[in-house]
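Reader: I would like to go through this model with you and ask, for each label, what it rests on.

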Amino acid sequence: MRWKNKELELNQLSTSMQIFLESYNQKIPAGYPRATVASLKKFQVTFPMLFKKSDEWSIGKHRKKLMDWLSSNRDI
């Protein structure tokens with residue numbers, strides 16, 4: 001039970017774009033498009049409400065939305 005709490009805590013931590021990028025690309029399933037700094041910056045412009053309070057990223061808040069968005073925008 002403690003392991004799930006630890007995983008939840010890690011997913012909700014805010015981090016820099018670079019750390020998020022590395023973590024995202026390491027954990028993304030094969031076949032999904034990888035993120036780049038350019039794609040993350042475009043994502044921030046496209047979804048400014050997700051970054052209203054800060055420039056920081058979190059797996060819990062951004063991962064799923066980014067996966068869907070990258071899948072729809074493979075030309076980025």
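**Labels and the values behind them**

Author: A starting point is Tyr32, which is found in the loop between α2 and α3; please keep in mind throughout that the model is predicted.

Reader: Why is Tyr32 called partly exposed?

Author: The relative accessibility of Tyr32 is 38%, and the label partly exposed covers what lies between the buried limit of under 20% and the exposed limit of over 50%, so Tyr32 counts as partly exposed. As for its place in space, the C-alpha atoms of Tyr32 and Arg74 are separated by 9.7 Å, with these positions 42 residues apart along the chain.

Reader: What elements make up the protein chain, and in what order do they run?

Author: The protein chain has 4 helices and 0 strands, and from the N terminus on the order is α-α-α-α. Buried residues account for 32% of its 76 residues.

Reader: Why are α2 and α3 described as roughly perpendicular?

Author: These two helices pack at an angle of about 115°, with their axes 11 Å apart. The class roughly perpendicular takes angles from 65 to 115 degrees, and α2 and α3 are therefore roughly perpendicular to each other. Their crossing is right-handed.

Reader: What makes α2 and α4 oblique to each other?

Author: Here the packing angle is about 60°, and the axes lie 12 Å apart. Roughly parallel would need an angle under 35 degrees and roughly perpendicular one of 65 to 115; the angle of α2 and α4 falls in neither range, and they are therefore oblique. The crossing in which α2 passes α4 is right-handed.

Reader: How do you know that the length of α4 is close to what is expected of a helix?

Author: Helix α4 has 14 residues, and from its first C-alpha to its last it reaches 19 Å, which is close to the 20 Å expected at 1.5 Å a residue.

Reader: Which residues of α4 are buried?

Author: They are Ile59, His62, Leu66, Met67, Trp69 and Leu70.

Reader: Why does His62 count as buried?

Author: The relative accessible area of His62 is 1%, and buried means under 20%, so His62 in helix α4 is buried. The side chain of His62 also reaches the backbone oxygen of Leu50 at 3.4 Å, which can be set against the limit of within 3.5 Å for a polar contact.

Reader: Is Ser58, in the loop between α3 and α4, buried or exposed, and what does its side chain reach?

Author: With 7% relative accessibility, set against the limit of under 20%, Ser58 counts as buried. Its side chain reaches the backbone nitrogen of Lys61 at 3.1 Å.

Reader: What makes Ser16 partly exposed?

Author: Ser16, in the loop between α1 and α2, has a relative accessibility of 35%, and that value lies between the limits of 20% and 50%, so Ser16 counts as partly exposed. A polar atom of the side chain of Ser16 lies 3.3 Å from the backbone nitrogen of Ile19. The C-alpha atoms of Ser16 and Trp57, although 41 residues apart along the chain, are separated by 6.1 Å.

Reader: Why is Thr46 called partly exposed, and what does its side chain reach?

Author: Thr46 is found in helix α3, and its relative accessible area is 39%, between the limits of 20% and 50%, so the label is partly exposed. The side chain of Thr46 reaches the backbone oxygen of Lys42 at 2.8 Å. Thr46 and Trp69 are 23 residues apart in sequence, and their C-alpha atoms are 9.7 Å apart in space.

Reader: How many aromatic pairs does the whole structure hold, and which residues do ring pairs link into a cluster?

Author: A search of the whole structure finds 7 aromatic pairs. In one of them, the rings of Phe43 and Phe47 have their centres 4.9 Å apart and their planes at 45°. Ring pairs link Phe20, Tyr24, Phe43, Phe47, Phe51, Trp57 and Trp69 into a cluster.

Reader: Why is the pair of Phe43 and Phe47 called tilted?

Author: A pair of aromatic rings is described by the distance of the centres and the angle of the planes. For Phe43 and Phe47 the centres, at 4.9 Å, meet the limit of within 6.5 Å, and the planes, at 45°, are neither under 30 degrees, as for stacked, nor over 60, as for edge-to-face, so the pair is tilted. Phe43 itself is buried, because its relative accessible area is 0%, against a limit of under 20%.

Terms used:
Residues are numbered from 1 along each chain as its sequence is written. This is a predicted model: local features need pLDDT of at least 70, side-chain atom pairs count only at pLDDT 80 or more; totals for chains, interfaces and linings use all residues. Side-chain values use heavy atoms; hydrogens and water are left out. Buried means under 20% relative accessible area, exposed over 50%, partly exposed in between (1.4 Å probe, protein chains only). A polar contact is a pair of N or O atoms within 3.5 Å; within protein, one must be able to donate a hydrogen and the other to accept it, and residues adjacent in sequence count only if both atoms are side-chain atoms. The expected span of a helix is 1.5 Å times one less than its number of residues. Rings of Phe, Tyr and Trp (its six-membered ring) pair if their centres lie within 6.5 Å; planes under 30 degrees apart count as stacked, over 60 as edge-to-face and the rest as tilted. Axes are lines fitted to C-alpha atoms, for helices over the stretch in contact, and angles run from 0 to 180 degrees between N-to-C directions. Angles under 35 degrees count as roughly parallel, over 145 as roughly antiparallel, 65 to 115 as roughly perpendicular and the rest as oblique. A crossing is left-handed if the near helix is turned anticlockwise from the far one by less than a right angle, and right-handed if clockwise.
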